[in-house]
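Dear colleague,

I am handing over the structure below, together with some notes on what was found in it. Please keep it open beside this email while you read.

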Amino acid sequence: MTTHRDELDALMVKRALEGLDGDETQALETLLDEFGDVDPEWVDRLVGELDAASVSVEAQGLSTSLREAVLAAAPGASTDAGGLRTGALPVDSTTPARQARDTVAHAALTSTKTRRRRAWGGWAAAAAVAALWLGSASGSRESAPAFAAVATAPDAIVAEWAPGPDPTGAEVRGEVVWSSDGQAGVMRLQGLRVNAPDEYQYQLWIFDRDRDERYPVDGGVFDMPPGGEAAEVPIQAKLAVADPTLFAVTVEQPGGVVVSSRERIATVAEVTD
Amino acid sequence: MADDDVVELSRWRMARDVKTGPAGGDAVEDKDDVPLLRLARGEPGAAEACLDAYGPLVQGLARRLMPSGADVDDVVQEVLVEVWRTADRFDPARASDRGYVAMLTRRRIIDRRRRAERRPELVSFDLEVEERGDDEHRRTQGRLEAAPAVEALETLPEEKRSWILMAVVEGFSHSEIAEKTGSPLGTVKSGIRRGLTQMRRWLEQREVREVGP
């Protein structure tokens, strides 16, 4: 026997799964009035939970244009350096010709159909190629307190910087240390070209195994100050990083960017298992 | 089941390692970090965090529920803008953040479908598209992540469970499910309703069990 309460639930189920016509909507309203203590959204929420569980977290990310369009409508969303940026690094088909000298890095910066794989593979390959340039140079292991403090974390990982295609990083060496448990890290950089902050700044991107490879986490904007060969730069990850696979420093406009063109990759540090 | 070919339950990875969370969705150890709550608090950059956290969900759901693929980007934009507007209505005690966003997405898509159905000149076109979108297309994401709602689903008898999967995940209408399974339409409707009701009760009891006396 079907009760009014069953009818109410049936209408809520139909609304959540298929939608209601005008008469059904009216009937639902009437029944909701009759059963005033019934949660009118319980079916919607339950179906929503199943929907959320059924869409893979590895689903393809949004296009750059769509991200920008949505963000433009967001309250308080901005591209200012102080805001939270999420490091979208879209493929740019207008990559400067100068990048072509490094064919592996160039492959990382141009793509069509397989851009996700290339995006990752390219950055990793750039790191590998750059590592060959670097040879065995590891630099001084003198540890400043901040670096050492993170390095003592049980889960700390250390990756070695290698030059990227951009000349600003041609002489770079050093390490980056990161603790996922502590969500803290420090870059130790030597040889990265001193920058004029009003002309350009460096920006760190962190690739996380648990995130879409095309959207690395913004690790913060920083400068290489004059008068010193080495610098220790605390990482300011704007989102949680669970399992970093690659750190990359790009040259960006003052204040950094929301969407990097990836035209200028100064240095990369690949985490090896 | 009347037709094993309709729903291949073996394709569904049911959750074993179910994490905690309100009624489903991902576990959230620190609710202060939930992007939706950060957005509601007006924290700088929260919109970008929401975009990263929920954009792929909305897009994936739109692609699944709109087999033609048309207007997916429009739906994504509309839903996320709605998220911006309604973040303060999200109650973490009643839903997971991903579940809430998924709910908004489904509503938006159903609204669009309904509007399209009211335009006679588009009905035939939509039906043609629907026919072209074969069943396999709708099953492209046959996988369920760990969530309490999935755990609740597992407690149902196979028939109800498969009907709910067909209705929610694969997007079949009640009539289509009845046709494909050879079951009476009324039985399908009541089975889905009762199955969802059972799931709700199971989740409520689960919450009581976790809170304890």
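This is a predicted model, and I would like to begin with one helix of chain A. In H2(A), the buried residues are A:Glu24, A:Leu28, A:Leu31 and A:Leu32. They lie on the same side of H2(A), because the arc they cover around the axis is only 100 degrees. To see how such a pattern can arise, it helps to recall that an α-helix has 3.6 residues a turn, so residues three or four places apart point the same way. Part of what covers the buried residues of H2(A) is helix H1 (4-17) of chain A, while on the other side of H2(A) the residues A:Gly22, A:Asp23 and A:Asp33 are exposed.

The helix itself runs through residues 22-34 of chain A, has 13 residues, and spans 19 Å from its first C-alpha to its last, which is close to the 18 Å expected at 1.5 Å a residue. Its N-terminal end is capped by A:Asp21, which has a side-chain oxygen 3.2 Å from the backbone nitrogen of A:Asp23.

Next, please look at where the two chains meet. In chain B, 60 residues are in contact with 48 residues of chain A. The size of an interface is often given as the accessible area lost when the parts come together. Between them, chain B and chain A bury about 4,900 Å², and 61% of this is on carbon and sulfur atoms.

There are also seven salt bridges between chain B and chain A, and one salt bridge to look up joins the side chains of A:Asp51 and B:Arg106, at 2.6 Å from N to O. Counting residue pairs in polar contact between the two chains, with both residues at pLDDT 80 or more, gives 13. The elements that give two or more residues to the side of chain B that touches chain A include helix H3 (72-86), helix H4 (97-117) and helix H10 (185-211) of chain B, but H2(B) gives the most, with 14 residues.

Finally, there is a single residue in chain B that you may like to find. B:Thr181 belongs to helix H9 (residues 174-181) of chain B. Is B:Thr181 buried or exposed? Its relative accessible area is 2%, and B:Thr181 is therefore buried. A polar atom of the side chain of B:Thr181 lies 2.7 Å from the backbone oxygen of B:Ile177.

With best wishes

Conventions. Residues are numbered from 1 along each chain as its sequence is written. Chains are lettered from A and ligands numbered from 1 in the order in which they are written. This is a predicted model: local features need pLDDT of at least 70, side-chain atom pairs count only at pLDDT 80 or more; totals for chains, interfaces and linings use all residues. Side-chain values use heavy atoms; hydrogens and water are left out. Helices (H or I, at least four residues) and strands (E, at least two) are DSSP runs, numbered from the N terminus. The expected span of a helix is 1.5 Å times one less than its number of residues. Buried means under 20% relative accessible area, exposed over 50%, partly exposed in between (1.4 Å probe, protein chains only). The arc is that of the directions from the helix axis to the C-beta atoms. Contact means heavy atoms within 4.5 Å. A polar contact is a pair of N or O atoms within 3.5 Å; within protein, one must be able to donate a hydrogen and the other to accept it, and residues adjacent in sequence count only if both atoms are side-chain atoms. Buried area is the accessible area (1.4 Å probe) that two parts lose on being put together, summed over both. A salt bridge is a side-chain nitrogen of Lys or Arg within 4 Å of a carboxyl oxygen of Asp or Glu.
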